[in-house]
Amino acid sequence: MGRLWRPRGLGRNKFYFDWGRLILIKMHADGYDPLDPKGNITIKWDLLQSNSDTNDVKVSLLNFQLYRHIEQPGWKLGWEWLGKEVIWSIQGAEATEQGNCSRFKGGQLPHCCENKPLIVDLLPGAPYNIQTSNCCKGGVLSSMIQDPTKYAAVFQMNIRAGGAADSDFDMPQNFSLGVPGYTCAKPVQVAPSKYSSDGGRRWTQALGTWNVTCIYSQYQASTSPKCCVSLSAFYNDSIVHCPKCSCSCQGLPGSKCVKFGETPSLLQQVKDPNQEPPSIVRCTQHMCPIRVHWHVKQSYKEYWRVKITVNNLNILKNYSGWNLVALHPNLKSLTQVFSFNYHPLNQYGHINDSGMFWGVEYYNDMLLQEGEVGNVQSEMLLHKDEGIFSFREGWVFPRRILFNGDECVMPPPDDYPRLPKNTARAASFTLSIIFSPLFMLLIIFAC
């Protein structure tokens, strides 16, 4: 259960539950995300042709998540054959291992004879004769909002039984995406897919279609958070830093960091482009690879301005196609965003308190590794909604922040920058100084 907390200024019997912590526990437990309740990656398996001992299939990976994406080194699709099937040929992708094909004597050998094949996307620039539509992105899948033209990957295979004629098609089982945090369900047969090659004049359909749904869980992806949030405001000189040990602690087993002014050894920098780079971060009190800073910069008569800065403290890793999700009740009145793209997440009708930010292509869509240029920043202008806007009690700070779909650690609410305690007293004192002489003059003239 989450902890009970009472905002300052409320009575002793008025308690509020920490729903943010409860939501995070729920997300960790089963992968459900209230900001993207229907988000998933669907593997669609279309049986196009079936003969006595061979089957032609088309496999599509569709990222139906609003803001989570698959970045480099990309997806690695795996499954398990129920029989002795082999992949005779493939277009738009390739198997990482050919396996033992010794039972096939003479002539051409199959592309892959593994019982549990592992399929990866082709790299950009692959020869045209082995390409298919929506292939060759190195395994990268964009989110639905960020780039709807790059959310899918497709490849085709010719599958043959292991030497014996068999007219039945057996759908493989035990699918996996090869990306940390994703768990795939069993295949479910659905209505056959339909295709048209002449603009809709004639439609053909698959002999059979199966869907495999894969869901993301941050808890399964990593046992520790990957980002944290710091806060500041123009009306308070203090900066609320990321909570200590937000992602790890210096000195713990497996915790690797590099002190300021030092560089990692060459052995630490060597990495396999087909694998996730090792997590080596700059030594800080929070030990997070990503820090998001929310600064309340300025207040106008009808608007207020916020500056967002994302710092990459990872020594070896760049973040391409990064995105940031924020939850704040005033986002429904966001007027302008500078140097970031923005899209609201309207998942619950009229409730519009969350939105997604991401970089402008070829300008700041790449968050470079730690250093002088290892940050991206933007400012946004929001309208002061009458009746709810307030600088008091930390209202101007976000309720939740997610980086690349992972929840960031927020500072405790009691530590948020607050208005000076003498603000109201100073305002009343100033008014008394102004109106007291006027009052005395009125008395004099009245006499």
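**Figure 1. Welcome to the whole chain, shown as a predicted model.** The protein exposes an accessible surface of about 24,400 Å², and carbon and sulfur atoms account for 54% of that area. Of its 447 residues, 43% count as buried. Four helices and 30 strands make up the secondary structure. Contacts often reach far along the chain: among those between residues at least 6 apart in sequence, 70% join residues at least 24 apart.

**Figure 2. A guide to confidence along the model.** The average pLDDT of the protein is 85, and 84% of the residues score at least 70. Where is confidence lowest, and where is it highest? The lowest mean, 34, belongs to strand β2 (residues 16–17), while strand β5 (residues 76–80) has the highest, at 98. Two stretches deserve some caution when you look around. Over residues 1–29 the pLDDT stays under 50, and the model has 39 contacts beyond four places in sequence for this stretch. Residues 424–445 also stay under 50, but here the model has one contact beyond four places in sequence.

**Figure 3. The largest nonpolar core, with 37 residues.** Which members touch the most other members of this core? They are W294, F357, M380 and F403. Several strands give two or more residues each to the core: β16 (227–233), β20 (290–299), β21 (303–312), β23 (323–327), β24 (334–338), β28 (375–383) and β29 (400–403). In soluble globular proteins, nonpolar side chains tend to be buried together.

**Figure 4. A closer look around M380.** Beyond its neighbours within four places in sequence, M380 is in contact with W294 and F357, both of which are listed with M380 among the residues that touch the most other core members. Further contacts of M380 are W304, R305, V306 and I308, together with L331, L334, Q336, V337 and F338. A second, separate core holds 35 residues, including I43, V57, I90 and W210.

**Figure 5. Strand β4 and its two partners, β3 and β9.** Nine of the ten residues of β4 (residues 54–63) are buried, so this strand is largely enclosed by the rest of the structure. On one pairing, β4 runs antiparallel to strand β3 (residues 41–50), and nine bridges join the two. Three residues lie between β3 and β4, which form a hairpin. W45 has V59 of β4 as its bridge partner. β4 also pairs with strand β9 (residues 152–160), again antiparallel and through nine bridges. There, S60 has V154 of β9 as its bridge partner.

**Figure 6. I41 and its surroundings.** I41 belongs to strand β3. Is this residue buried or exposed? I41 counts as buried because its relative accessibility is 0%. Setting aside residues up to four places away in sequence, I41 touches L62, N63, Q65, I70, L177, Y182, V212, T213 and C214. I41 and L61 stand 20 residues apart in sequence, and their C-alpha atoms are 6.9 Å apart in space.

**Figure 7. An open sheet of four strands.** The strand order is β7-β8-β5-β10, and the pairing is antiparallel. At the edges stand β7 (93–95) and β10 (173–176); each has a single partner strand, so one side of each is left without a neighbour in the sheet. From one strand to the next, the twist averages 20°. Three bridges link β7 to strand β8 (residues 118–121) in the antiparallel sense. Within this view, A95 stands opposite I119 in β8. The sheet also includes β5, the strand with the highest mean confidence.

**Figure 8. Three loop residues worth a visit, P73, C245 and Y362.** P73 sits in the loop between β4 and β5, and a cis peptide bond joins Q72 to P73, with omega at about 15°. C245 is found in the loop between β17 (236–240) and β18 (257–258). The phi of C245 is near 60°, a positive value in a residue other than glycine. With a relative accessibility of 29%, C245 counts as partly exposed. Y362, in the loop between β26 (354–359) and β27 (366–367), is not a glycine either, although its phi is positive at about 65°. At 75% relative accessibility, Y362 counts as exposed.

Note on methods:
Residues are numbered from 1 along each chain as its sequence is written. This is a predicted model: local features need pLDDT of at least 70, side-chain atom pairs count only at pLDDT 80 or more; totals for chains, interfaces and linings use all residues. Side-chain values use heavy atoms; hydrogens and water are left out. Buried means under 20% relative accessible area, exposed over 50%, partly exposed in between (1.4 Å probe, protein chains only). Contact means heavy atoms within 4.5 Å. Accessible areas come from the Shrake-Rupley method with a 1.4 Å probe; for residues, only the protein chains shown count as cover. pLDDT is the predictor's confidence in each residue, from 0 to 100. A nonpolar core is a set of buried Ala, Val, Leu, Ile, Met, Phe, Trp, Tyr and Cys residues joined through side-chain atoms within 4.5 Å. Two strands pair if DSSP finds at least two bridges between them. Axes are lines fitted to C-alpha atoms, for helices over the stretch in contact, and angles run from 0 to 180 degrees between N-to-C directions.
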